[in-house]
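Let's take a friendly walk through one protein model. Have a look at the chain and the 3D picture first, then read on.

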Amino acid sequence: MMNTLAKDAVIMPQGLTPKIGSAEISEFWFPKDGSKTIIKHFDYVIEDLKVDENTAFVRSSSTLGFEYESNGQKIIKNDQKYVHSTFLERQKNGQWKVSAKVWSSLN
């Protein structure tokens with residue numbers, strides 16, 4: 001997951017402050033608090049894609065099912081619907097990396 005991000009990437013999860021750079025993003029997605037998240041299913045659909053020489057924009061939607069466990073309590077979420085806007089930049093080596101991503105829930 002982290003290898004898809006530009007080194008100075010920003011993610012903007014709904015309702016939270018932006019997470020800037022790999023350290024903050026890693027802590028958000030992989031917290032060291034003992035909690036566990038198990039992805040049960042993830043369906044991702046690209047709705048629109050625009051590409052320029054070195055930048056790209058992807059508008060997409062997804063459906064997610066997961067289990068989250070923390071301090072002995074388990075939360076199960078099924079069919080969570082999201083919309084996404086993702087900006088990518090072509091790196092000097094030709095690879096495309098996410099520079100910014102924002103998503104929000106439709107549930």
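Start with a little charged cluster: K40, E67 and K74 are linked in a network of salt bridges. A salt bridge here is a side-chain nitrogen of Lys or Arg within 4 Å of a carboxyl oxygen of Asp or Glu. Before going further, two notes on the ground rules. This is a predicted model, so to speak: local features need pLDDT of at least 70, side-chain atom pairs count only at pLDDT 80 or more, and totals for chains, interfaces and linings use all residues. Residues are numbered from 1 along each chain as its sequence is written, and side-chain values use heavy atoms, with hydrogens and water left out.

## The salt bridges

How many salt bridges does a search of the whole structure find? It finds three, and here they are:

| Salt bridge | N to O distance |
|---|---|
| K40 and E67 | 3.5 Å |
| K74 and E67 | 3.6 Å |
| D48 and K50 | 3.1 Å |

K40 sits in strand β3 and E67 in strand β4 (residues 55-70), so this pair ties together parts that are 27 residues apart in sequence. Is E67 buried or exposed? E67 is buried, with a relative accessible area of 17%, while D48 is partly exposed at 23%. For these words, buried means under 20% relative accessible area, exposed means over 50%, and partly exposed is in between (1.4 Å probe, protein chains only).

## The overall layout

Now zoom out. The protein has one helix and six strands, and from the N terminus on the elements run β-β-α-β-β-β-β. Helices (H or I, at least four residues) and strands (E, at least two) are DSSP runs, numbered from the N terminus. The C-alpha trace spans about 50 × 30 × 20 Å along its principal axes.

What is the order of the strands in the open sheet? The six strands are arranged β2-β1-β6-β5-β4-β3, with mixed pairing. Two strands pair if DSSP finds at least two bridges between them. At the edges stand β2 (19-20) and β3 (36-51), each with a single partner strand, so one side of each is left without a neighbour in the sheet. Helix α1 (residues 21-29) packs on the sheet and touches β1 (5-13), β2 and β6. The direction of α1 makes about 45 degrees with that of β1. Such axes are lines fitted to C-alpha atoms, for helices over the stretch in contact, and the angles run from 0 to 180 degrees between N-to-C directions.

Let's look at two strand pairs. β3 and β4 run antiparallel and are joined by 14 bridges, and a hairpin connects β3 to β4 through three residues. Within this pair, D43 has T63 in β4 as its bridge partner. Strand β5 (residues 73-90) and strand β6 (residues 96-105) also run antiparallel, with nine bridges between them. There, R90 has W96 in β6 as its bridge partner.

## A nonpolar patch on the surface

W96 turns up again in a nonpolar surface patch, together with I39, F42, Y44, I46, L49 and V51. Together these residues have about 690 Å² of accessible area. Patches are made of residues with over 30% relative accessible area and no salt bridge; like charges are joined within 9 Å, and nonpolar side chains (Val, Leu, Ile, Met, Phe, Trp, Tyr) within 5 Å. Accessible areas come from the Shrake-Rupley method with a 1.4 Å probe, and for residues only the protein chains shown count as cover.

Which strand gives the most to the patch? That's β3, with six residues. One of the patch members, I46, is found in β3 and is exposed, with a relative accessible area of 51%. I46 touches V58, R59 and S60, not counting residues up to four places away in sequence. Contact means heavy atoms within 4.5 Å. I46 and S61 are 15 residues apart in sequence, and their C-alpha atoms are 6.7 Å apart in space.

## A buried valine

For contrast, try V10 in strand β1. V10 counts as buried, at 19% relative accessibility. Its contacts include P18, I25 and A100, leaving out residues up to four places away in sequence.

For the protein as a whole, buried residues make up 30% of the 107 residues. About 7,400 Å² is exposed, and carbon and sulfur atoms supply 53% of it.
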